[in-house]
Amino acid sequence: MDSIQVSGIRAYGYVGYLPEEKVLGQWFEVDLTLWIDLSAAGKSDQITDTLDYREAIAIVKEQITTAKFDLVEKLVSAIADKILSLEKSIRFESNYQNQQHRSLILVVVLLSILLAA
């Protein structure tokens with residue numbers, strides 16, 4: 001399985017348990033790893049044969065800037081769910097059967113809260 005790694009996606013958001021976090025907000029930084037079979041795109045050089053990571057970046061930024069969750073764990077889950085809902089994504093299930101050549105995307109989201117020093 002191949003991966004696309006995008007590091008340092010930054011956005012300002014209002015996720016947090018404390019009331020001041022929801023009012024003042026804070027910077028978040030996300031490192032994203034998308035595990036996906038890149039063999040078709042590697043042969044064809046066509047973006048239609050892969051996941052357009054610009055879409056994934058847009059999802060990360062949109063979730064950070066609009067989410068009103070208490071926990072960053074919920075934000076991470078929301079980001080992963082949205083990326084997995086993209087047209088190119090197929091969720092892995094225990095009864096998953098490989099029919100022809102389908103792409104499987106596994107999303108790893110590492111989120112940091114950037115603290116001012």
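These are my notebook entries on a predicted model of a single chain.

**Entry: the overall layout.** I began with the secondary structure, and the chain has four helices and three strands. I then read along the sequence to see how they are ordered, and found the pattern β-α-β-α-α-α-β.

**Entry: inside and outside.** How much of the chain is buried? I looked it up: of the 117 residues, 32% are buried. For the outside, I noted an exposed area of about 7,600 Å², with 53% of that supplied by carbon and sulfur atoms.

**Entry: contacts.** I took the contacts in the chain with a separation of 6 or more and asked what share comes from residues 24 or more positions apart. That share is 63%.

**Entry: Tyr 17.** Next I visited the loop between β1 (2-13) and α1, where Tyr 17 is found. Is Tyr 17 buried or exposed? Its relative accessible area is 60%, and exposed means over 50%, so I wrote Tyr 17 down as exposed. I also met Tyr 17 in a nonpolar surface patch, which it makes together with Leu 18 and Leu 71. The patch covers about 330 Å².

**Entry: Val 23.** From the loop I moved on to helix α1, which spans residues 19-24 and holds Val 23. Val 23 has 62% relative accessibility, so I counted Val 23 as exposed too, by the cut-off of over 50%. Lastly, I checked how far Val 23 lies from Gly 13, 10 residues away along the chain. Their C-alpha atoms are separated by 9.7 Å.

Key
Residues numbered from 1 in each chain as written. Predicted model: local features only at pLDDT ≥ 70, side-chain atom pairs only at ≥ 80, totals over all residues. Heavy atoms only, no water. Helix = DSSP H or I, 4+ residues; strand = E, 2+ residues; numbered from the N terminus. Buried < 20%, exposed > 50% of the residue type's maximum accessible area, 1.4 Å probe, protein only. Contact = heavy atoms within 4.5 Å. Areas by Shrake-Rupley, 256 points an atom, 1.4 Å probe, with all protein chains shown as cover. Patch = residues over 30% accessible without salt bridge, like charges linked within 9 Å, V, L, I, M, F, W, Y side chains within 5 Å. Salt bridge = Lys/Arg side-chain N within 4 Å of Asp/Glu carboxyl O.
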